[in-house]
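This briefing introduces the strands and the aromatic rings of the structure shown below. Please keep the view open while reading the points that follow.

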Amino acid sequence: MRRVAFVCAFLMAIFLAAGNGRAQAQPEPLLLQQPTLNKTGIVFAYAGDLWSVARAGGEATRLTAGPGLKSHPKFSPDGQWIAYSANSNGNENVYVMPAAGGQPKQLTFSSGPDTVQGWTSDGKDVLFSSSRYAYAHQVVQLFTVPLAGGFPERLPFPTGYDGSYSADGTHIAYDPTPFPWGTWKYYRGGTMPMVWI
């Protein structure tokens, strides 16, 4: 009698495990992240790649494929280019591609992460953050790199995590400190991010 009960319990455990395995094999829905807009389109990150959809709606088109995570897409001011970060070769670097899709071009070749933040207002340079010249990997600075390619130029700030140029290109708003551990409600400590101009 005990043996029959054990066999029934064993078969029930296998049945439940098989059912849980099927439920877990289906991927959970992922949220669209990091949208950027131009006059006619929206580009966003989803499932490790970049996708494009018309602002009027419709079916999204995949713009990137291949190994590595693509993130932080930003349209150029004229809407013709997309700058983004990708770790296609093991390190996160800055890439650009035509807004309609096409062959990407790698702009940075750093051993650390280079994260796209935006563009200069004239659209000639991509703004990105990096720890390439910092004394510690936690310290991040802002750089620009030409769309045509070339050497990155560091902006004259000791630190910078996010940034955006004014429309006339005479000012930049940036965060000198990183955001502290997600969302701490009512946090007012020394790492509270403040926008500097």
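Two strands are taken to pair if DSSP finds at least two bridges between them. On that basis, 4 strands of this predicted model form an open sheet in the order 1-2-3-4, with antiparallel pairing.

**The open sheet**

- The edges of this sheet are strand 1 (33-37) and strand 4 (61-62), each of which pairs on one side only.
- Strand 3 (residues 49-54) is joined to strand 4 by 2 bridges, and the two strands run antiparallel.
- Within this pairing, S52 has T61 in strand 4 as its bridge partner.

**Strand 10 and its neighbours**

- Strand 9 (residues 114-119) and strand 10 run antiparallel and are joined by 5 bridges, with G118 standing opposite L127 in strand 10.
- These two strands form a hairpin with 5 residues between them, and G123 in the turn has a positive phi of about 75°.
- Strand 10 is also joined to strand 11 (residues 141-146), by 6 bridges and again in an antiparallel arrangement, and here S129 stands opposite L142 in strand 11.
- Strand 10 (residues 125-130) is mostly covered, since 6 of its 6 residues are buried.
- In a regular strand the side chains alternate between the two faces of the sheet.
- In strand 10 both faces are covered, with D125, L127 and S129 buried on one side and V126, F128 and S130 buried on the other.

**Aromatic rings**

- The structure holds 6 aromatic pairs, and one of them is formed by Y46 and W51, whose ring centres are 6.1 Å apart and whose planes stand at 70°, so this pair is edge-to-face.
- Of these two residues, Y46 is partly exposed, with a relative accessible area of 28%, whereas W51 counts as buried because its relative accessibility is 18%, and the cut-off for buried is under 20%.
- The rings of Y84 and Y95 have their centres 5.7 Å apart and their planes at 20°, so this pair is stacked.
- The pair of Y84 and Y95 links distant parts of the chain, with Y84 in strand 6 (residues 81-86) and Y95 in strand 7 (residues 93-98), 11 residues apart.
- Both partners count as buried, Y84 at 2% relative accessibility and Y95 at 8%.
- A cluster is made by ring pairs that link F128, Y133 and F143.
- In this cluster, the ring of F143 has the charged end of R132 sitting over it, 5.6 Å from the ring centre.

Conventions. Residues numbered from 1 in each chain as written. Predicted model: local features only at pLDDT ≥ 70, side-chain atom pairs only at ≥ 80, totals over all residues. Heavy atoms only, no water. Phe/Tyr/Trp six-rings, centres within 6.5 Å; stacked < 30°, edge-to-face > 60°. Buried < 20%, exposed > 50% of the residue type's maximum accessible area, 1.4 Å probe, protein only. Lys NZ or Arg CZ within 6 Å of the ring centre and 35° of its normal.
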